[in-house]
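Work through the two exercises below with the coordinates open. Each task is followed by a stepwise solution.

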Amino acid sequence: MSDVIIIGGGIGGLSLALSLEKAGIGSTIYEATPVIQQVGVGINVLPYAMRVLAGLGLEKELEKRAITTRSSAYFDRCGRPLHQMPVGHFAGEIWPQLSIHRAELQTVLLDAVRERLGPNRIRTGWECTGVSSEQDEVCVSFRDRRTGQKLEPQRAGIVVACDGIHSKVRRQFYPNEGPPRYSGVFMWRGVTRRSKFLDGATMVRVGLPAVGKMVIYPIRDYDDGTQLINWVAEVEVPDPGSFCSKRDWNCPGDAKDFVEVFADWRFDWLDVPELISNAQTILQFPMMDRDPLPRWSFDRVTLLGDAAHPLVPLGSNGAGQAILDAEVLSRELAACRDPADGLARYESIRLPATAEIVMSDRAGGPDVILQEGEERLRLLVPVPAHRSAFPRSAEAA
Ligand SMILES: Cc1cc2nc3c(=O)[nH]c(=O)nc-3n(C[C@H](O)[C@H](O)[C@H](O)COP(=O)(O)OP(=O)(O)OC[C@H]3O[C@@H](n4cnc5c(N)ncnc54)[C@H](O)[C@@H]3O)c2cc1C
């Protein structure tokens, strides 16, 4: 029996296995997907999360595969600058801000888990179907994701559910909670290889979802001087209808559903329609979160990452907060003789902190700067009729 069972091998589960290993606690990850795939597109790892990853000895490997972001810049929908501020090292912080392909981050974590814990500590194709507390341990039921057949139940002293926004374990504890809360904003995310824009290391936010918004940043350098540019188009869509209604890391999207919102975004620093049209990959996601919970821990089971506190991705915080959860949980489990006390301390530190972020990101996070810019711009440049709302309903798309 391993000390801790981790359900889910995403960024949260993998970070937890590494943090526990550093604290001298063994664990095994049970991941539903038969083969761990490289999912998603770009992600920003903020300095607070880089501190933890550097403590796990991963900073150099991540820096090799990422762009070290220099600044965060805000523009109005006419492409005029509103505000710019340095970030990470360039703002005098000890730790950098990295913009990286999500698959690269996952690969670095996965390789470290396999190397430090051993390849058998990640079991794929094991889909958790429920947990039940016994005296001093927890029994976890599984089925084979490929065949649907029941697998041998597994037992451990502690179980941590890192099974994402649609967490089965969370649903077991909160059966009446219902689906995640849709924010009214739909996102299309893509990557495009092209020449550098601005200084080749700036994360930009432009516009607002009500009139079309883009978040754009480079995530990889190529030897020929080009870069892989990650972009997210955010558009208000009252009813996501026929688009992907469930947040899934790999749901394909189509440029024709949204490119016209950005048709005249040909700025002197970037041609946005061209960026979208030349994309290698386009994925779609409804922007969703969930209300903060009153508690995460039940006997010897707790929640971590998106299973505990999914966020709307306005502040680039979701993965970073999962990484912080992993650090705190490992530290508290190592410090407490009774694992239930460790879980309680973890929850008392992390639940209020993340609840605050859920609410502040829901309120717009850094988009308040864009809001202010749009209010001023509207006096000078009215919103074109086709952009005052999403041009077509999801049904018509
Ligand atoms: C569009 C978008 C942009 C984002 N940008 C950023 C950003 O820039 N910076 C940032 O920090 N965060 C960002 N995030 C958030 C971040 O990606 C998530 O918060 C983070 O991936 C959560 O990690 P997790 O491990 O908790 O969940 P997940 O990554 O969802 O992993 C859950 C894992 O559990 C597995 N699983 C599910 N059910 C079961 C089961 N029953 N049994 C076993 N395994 C199971 C899944 O297959 C998966 O591997 C963004 C999110 C979105 C949607």
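**Exercise 1.** Is the crossing of helix 1 and helix 7 left-handed or right-handed? Describe the packing of this pair as well.

*Solution.* The model is a predicted one.

1. Two packed helices are described by the angle between their axes and the distance between the axes.
2. For helix 1 (residues 11-22) and helix 7 (residues 318-335), the axes come within 8 Å and cross at roughly 30 degrees.
3. Angles under 35 degrees count as roughly parallel, and helix 1 and helix 7 are therefore roughly parallel to each other.
4. The crossing of helix 1 and helix 7 is right-handed.
5. Helix 1 contributes Ile-11, Gly-12, Ser-15, Leu-16, Ser-19 and Leu-20 to the contact, while helix 7 contributes Ala-319, Ala-322, Ile-323, Ala-326, Glu-327, Leu-329, Ser-330 and Leu-333.
6. Sorted by type, the residues of this contact comprise nine nonpolar, four polar and one charged.

**Exercise 2.** Is Gln-227 buried or exposed? Locate Gln-227 and list the polar contacts of its side chain.

*Solution.*

1. Gln-227 belongs to strand 16 (residues 227-236).
2. Buried means under 20% relative accessible area; the relative accessibility of Gln-227 is 1%, so Gln-227 counts as buried.
3. Leaving aside residues up to four places away in sequence, Gln-227 touches Ile-67, Thr-192, Arg-193, Arg-194, Lys-196, Gly-200, Pro-218, Arg-220, Asp-221 and Tyr-222.
4. One residue from that list, Asp-221, makes a side-chain to side-chain polar contact with Gln-227 at 2.9 Å.
5. For Gly-200, the backbone oxygen lies 2.9 Å from a polar atom of the Gln-227 side chain.

Key
Residues numbered from 1 in each chain as written. Predicted model: local features only at pLDDT ≥ 70, side-chain atom pairs only at ≥ 80, totals over all residues. Heavy atoms only, no water. Axes fitted to C-alpha atoms, helices over the stretch in contact; angles between N-to-C directions. Helix = DSSP H or I, 4+ residues; strand = E, 2+ residues; numbered from the N terminus. Parallel < 35°, antiparallel > 145°, perpendicular 65-115°, else oblique. Left-handed = near helix turned anticlockwise from the far one by under 90°. Contact = heavy atoms within 4.5 Å. Nonpolar A, V, L, I, M, F, W, Y, C, P; charged D, E, K, R; others polar. Buried < 20%, exposed > 50% of the residue type's maximum accessible area, 1.4 Å probe, protein only. Polar contact = N/O pair within 3.5 Å; in protein donor to acceptor, adjacent residues only side chain to side chain.
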